[in-house]
Structures are given as structure tokens and as C-alpha cells.
Amino acid sequence: TEYQQQHFVVTTSPSAKTQVDTVRMKDAVQPQVALQESNIKDSIVFYALDLGSGINPNRIFVTMGNDTLDFNYNEPFISFKNSCIGDCRVKVSVEDFAHNASPRVFWKVFNKDSLFISGPYTELWDSL
């Protein structure tokens, strides 16, 4: 469902016959990342979905504030240790094998008496 045909132009002369034997398809749809509901206070789990070329595990990045976090990718789940004390911003970005990047969003983590995560928020909203 994520593949679209790739258009190309063929120039022919009048009365010429042209046969095209190759159809090219391109994955042009961004992978999506969503928060997986979790009641575990010390870890956070996200769900990464791409129905085209698939998530490239070498192009997954998780940041909390200004820190890059270690994570575990067990398709389709991305999990990492919750190191937030107070209020933090989490970004989980992924790329598929067709080089489509996930939308640029972040989540807000509130970790005081209990864990609460809100979002996603667009990075554009954050700059207003």
C-alpha cells in the first residue's frame, strides 16, 4: 500500500511501436511512530510502522532532552530506559529503507509521582 508507480516519459515518433517491460514502484510514504501504552515507570515503548520497504534499524534515533539514548528494537517496538526526572522531551525518529523519514514530532514526559506522556507535538508547534 505504500508503493506508488514511478512516472516516466517515453518519446516516440508517429507510427512507431514502443514496448515498456519494466514497471518501477517507489516507496514514498513516511514511516510512523506512536507511543505504546505502558504502565511501567522505568521504561518507555514506542511502536514503529512501515508497510513499504521496512524500518532500517540503523536509522533509529531516540533522544531525551539533549541526550541520545540507547534503545532496544524488537520489531515493531522501540523500547528504552526512562531516565527523565521531572519534565522531559522525547524524540523517536526512524527512517525506512527507501530513505523516508518519520514526521518530526516529540512527546512530553512528566515523571514525578507517576509517569505521564503526552503528544505527539510537531516541532513547528514548539517553535511558536
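**Exercise 1. Locate S15 and decide whether S15 is buried or exposed.**

Step 1. S15 lies in the loop between β1 (3–5) and β2 (25–27). Strands here are DSSP runs (E, at least two residues), numbered from the N terminus.
Step 2. Phi of S15 is near 65°, a positive value in a residue other than glycine.
Step 3. S15 has 82% relative accessibility, so S15 counts as exposed. The cut-offs: buried is under 20% relative accessible area, exposed over 50%, partly exposed in between (1.4 Å probe, protein chains only).

The model is predicted: local features need pLDDT of at least 70, side-chain atom pairs count only at pLDDT 80 or more, and totals for chains, interfaces and linings use all residues. Residues are numbered from 1 along each chain as its sequence is written, and side-chain values use heavy atoms, without hydrogens and water.

**Exercise 2. Treat H99 likewise: where is H99 found?**

Step 1. Its loop runs between β9 (86–93) and β10 (105–111).
Step 2. H99 is not a glycine, yet phi is positive, about 70°.
Step 3. Relative accessibility is 63%, so H99 counts as exposed.

**Exercise 3. Trace the open sheet and find its edges.**

Step 1. The order is β6-β5-β9-β10-β11, 5 strands with antiparallel pairing. Two strands pair if DSSP finds at least two bridges between them.
Step 2. β6 (67–68) and β11 (115–122) each have a single partner strand, so one side of each lacks a neighbour in the sheet.
Step 3. β5 (residues 61–64) pairs with β6 over 2 bridges. M64 stands opposite D67 in β6.

**Exercise 4. Place the cis peptide bonds at P76 and P120.**

Step 1. E75 to P76 is cis, omega near 5°. P76 sits in the loop between β7 (72–74) and β8 (77–81).
Step 2. G119 and P120 are joined by a cis bond, omega about 10°. P120 belongs to strand β11.

Terms used
Helices (H or I, at least four residues) and strands (E, at least two) are DSSP runs, numbered from the N terminus.
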